[in-house]
Amino acid sequence: MNAASKTTVGPETPIELIDRVYSTLDERVGNFRQRLGRSLTLAEKILANHLDDPAAETERGVSYVDFRPDRVAMQDATAQMAWLQFQTAGLTDVAVPTTTHCDHLIQARVDGKKDLLTALNNNNEVYDFLESVSAKYGGGFWKPGSGIIHQVVLENYAFPGGMMIGTDSHTPNAGGLGMIAIGVGGADAVDVMTGFPWNVRFPKLIGVHLTGELSGWSAPKDVILKVAEILTVKGGTGAIVEYFGSGANSLSATGKATICNMGAEIGATTSIFGYDDAMARYLKSTGREATADAAGAVAHHLRADDEVLANPADYYDQVIEIDLSQLRPHINGPHTPDLAREVSALGAEAASKGWPMEISAALIGSCTNSSYEDITRAASIARQAAAEGLKVKTKLMITPGSEQVRATIERDGLLADFEALGATVLANACGPCIGQWDRSEEPGHVPGRTNVIVTSYNRNFPKRNDGDAATLAFVTSPETVMALALAGRVDFDPISETLTSDEGRDVRLNVPEGIELPPQGFDEGESGFIAPPADGSTVEVKVSPTSDRLQLLEPFPPWDGQDFDGLPIVVKAEGKFTTDHISMAGPWLKYRGHLENISGNLYLGAVSAYHDGIVGEGKNQLTGGMLGFPDIAKAYHEADVAWAAIGDENMGEGSSREHAAMEPRFRGCVMTLARSFARIHETNLKKQGILALTFADPADYARIGEDDRLGTRGLADLAPNEPVTVTVTKPDGDVWTFAANHTMNDDQIGWFKAGSALAVIRRSVNAR
Ligand code: MIC
Ligand code: SF4
């Protein structure tokens, strides 16, 4: 589309792009301040500078607003569907610099090197597709082994005051460098890649005032574990969390990134810190002096106004106070990232709940916690342990976040510190964090037997790491994972207790010591970036018609203009209904580019509200028998029966994966009702043309029976802010109705009518 776009998809964000963004700050921020007649928070400044229409209505939590993000980043498990959708739009180039990162499909089994080779072999077809489709349309491609998307973005692309979207819920990691970085579904990315603005409801703002300074065993991770405890998994929904205060300035850029990363676990739209010296140091250390200088010159625009910092309660919708000096090490879990307690309290809780005391595996790394500082802190404990004759009492695994981190920590002898204790170094990839973990050859591991793992990751839903619901996963900081690995038990408090060495000596672990940035600079390692050719028109994108991993997409049919009627309910889920419950990852990641095949996992993790704790199955209304949810959906699809699904609170919590919306749509779901939705999932449903409704009276959830049929009244008059009337037909023919709300604006109603948001794009591309 525009020739300039290609030259900007290099291995880093070019300074010209950054200068362009900064050049409008004075005017845009000044006008916005004037319009609102008050001082501005940081998020407001960056959002104002990226408005598609500077005069747009921007009522927080109300107005839908169009933005122009500076970049798009996608990871391999979501990029496949995004690129498949982009391909159907009929364009020759991406409109905005876009990169694809291969990190999710590498399975951890033996060690980094061997696992990478296996992945290259097993996923060859998918990598070829992603590389060729990137080359054809002008996208940058990061090869498998180059690192986890968010770490690579932080090292190369993130810049203070920028705005990006990424097809992964932990995209907010870049908030550690002062960027508004938001996780979205693939269809949202396609909007931006095709030159359309990105639309979102103008977020609310939560301020987190950090005072004091971390010390001892407390780490940035404890800040977000604490915030998750306060706000819970849905407390951040629809809001940007802005951190400020003297405590914020005391944290490294990568520590800030950890906090922003895991803001995904409270449902926040994104999280952000203001520009400061720590960010400047990180930019310089990663070879971006020019960016640091440019940001320094506009630094007053890259933090909240002074009046906001002085009187935060007047400017944020909610303010949370955390004194870092008082913050003690935390550990959260199992099964939900907001179940927090101090590390010292875990043993007693485990005893009272009957959780095993032994730890079956300890895992350090992931996009959340694999910075140089994280690794040096954990390695300092490992080094002391080796010197004092302590051994790890469980399996210990390390995933470096990027090739740059791996090469640097190898050069600096830090990997050796872990290896001296028998640790396995895994590939620079997501690995066990996303269920890419084969434990079958692990000595002593019995699948299905309750066991405890501790990780420095961010998510801990059941089955997430090893596909086993019997694994209880706890998340904490890397240094605490290291300490617990040495104890081999959860009832160990490194602050107050000692460990016993081989010779029977009592050893108290030293306070972890971190080094913010490598004193000798980063070692880039092996470069994993492939730039697109200047002209991609002759590149052939290969998708074999017989592939079981990739399948070209067919447009979904438009709405027929009629009210829904007689819809059977495939699933009514009780309790958590996260994207991991709707479209499980792990073994299913391999079908992320094949809509039909991945639909074989639909709702497999859902707990049926009708069958007392039964997971993954329900009643097939065509036969009356019990059947797995994916097969019920398939049977209805084949019989041409449209259907509905029902969720509880915060449906679709977790991932950005749009498969959780595309699969039901593909199988004929036309309406999804829930008590509430997570932001990205609700958007994904809307984008794919599913009517996403919330119960006006949450009690109606309980009134819908398994054999009831659902329908609508007056759908032809669907309008913004107008509730929809849902009909419930009982098996005896009795009908009752209830009101359900939707959040669609006129454009989004257009998506529903056209069959999907993509159908609308296609129409307008054709008209160009
Ligand atoms: C995750 O952490 O759950 C993932 C895997 O990174 C997802 C994306 C995906 O499902 O592919 C996310 O968080 O968005
Ligand atoms: Fe990968 Fe885990 Fe980070 Fe998701 S949270 S991007 S799976 S490392």
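A residue is near a molecule or strand if one of its heavy atoms lies within 4 Å of it. The model is predicted: local features need pLDDT of at least 70, side-chain atom pairs count only at pLDDT 80 or more, and totals for chains, interfaces and linings use all residues. Residues are numbered from 1 along each chain as its sequence is written, chains are lettered from A and ligands numbered from 1 in the order in which they are written, and side-chain values use heavy atoms, with hydrogens and water left out.

**View 1. The shell around ligand 1.**
Ligand 1 has 14 residues around it; D168, S169, R464, R592 and R657 come nearest. The shell divides into two nonpolar, seven polar and five charged residues. Here Ala, Val, Leu, Ile, Met, Phe, Trp, Tyr, Cys and Pro count as nonpolar, Asp, Glu, Lys and Arg as charged, and the others, Gly among them, as polar. Polar contacts are pairs of N or O atoms within 3.5 Å; within protein, one must be able to donate a hydrogen and the other to accept it, and residues adjacent in sequence count only if both atoms are side-chain atoms. The side chain of D168 places an N or O atom 2.6 Å from an oxygen atom of ligand 1. For R459, a polar side-chain atom lies 2.8 Å from an oxygen atom of the ligand. S655 has a side-chain N or O atom 2.8 Å from an oxygen atom of ligand 1. On its own, ligand 1 has 330 Å² of accessible area, and the protein covers 97% of it. Accessible areas come from the Shrake-Rupley method with a 1.4 Å probe; for residues, only the protein chains shown count as cover.

**View 2. The shell around ligand 2.**
Residues surrounding ligand 2 include H104, H150, D168 and H170. C367, C430 and C433 are also among them, as are N458 and R464. By class, this shell has five nonpolar, five polar and two charged residues.

**View 3. Helix 17 and the residues after it.**
Helices (H or I, at least four residues) and strands (E, at least two) are DSSP runs, numbered from the N terminus. Helix 17 covers residues 372-387, 16 residues in all, and reaches 22 Å from its first C-alpha to its last. That is close to the 22 Å expected at 1.5 Å a residue, where the expected span is 1.5 Å times one less than the number of residues. Buried means under 20% relative accessible area, exposed over 50%, and partly exposed in between (1.4 Å probe, protein chains only). Of the 16 residues of helix 17, 13 are buried, so the helix is largely enclosed by the rest of the structure. G389, just after helix 17, takes a positive phi of about 75 degrees. T394 is in the loop between helix 17 and strand 15 (395-399). T394 counts as buried, at 11% relative accessibility. A polar atom of its side chain lies 2.9 Å from the backbone oxygen of I359. The backbone nitrogen of A361 lies 3.2 Å from a polar atom of the T394 side chain.

**View 4. Aromatic pairs.**
Rings of Phe, Tyr and Trp (its six-membered ring) pair if their centres lie within 6.5 Å; planes under 30 degrees apart count as stacked, over 60 as edge-to-face and the rest as tilted. The count by this rule is 20 aromatic pairs. F86 and Y137 have ring centres 5.0 Å apart and planes at 70 degrees, so the pair is edge-to-face. This pair links distant parts of the chain: F86 is in helix 5 (residues 76-87), Y137 in helix 7 (residues 124-137), 51 residues apart. Both F86 and Y137 are buried. F695 and Y701 have ring centres 6.2 Å apart and planes at 85 degrees, so that pair is edge-to-face. F695 is buried at a relative accessible area of 4%, and Y701 is buried at 7%.

**View 5. Backbone details in three loops.**
Most residues other than glycine have a negative phi, and most peptide bonds are trans. Y603 has a positive phi, near 60 degrees. Its place is the loop between helix 22 (595-598) and strand 23 (617-619). Y603 is buried, at 1% relative accessibility. Y603 also forms one aromatic cluster with F577, F629 and W643. D640 has a positive phi near 60 degrees, in the loop between helix 23 (629-638) and strand 25 (643-647). D640 counts as exposed, at 72% relative accessibility. The peptide bond from G333 to P334 is cis, with omega near -5 degrees. P334 lies in the loop between strand 12 (330-332) and strand 13 (340-342).
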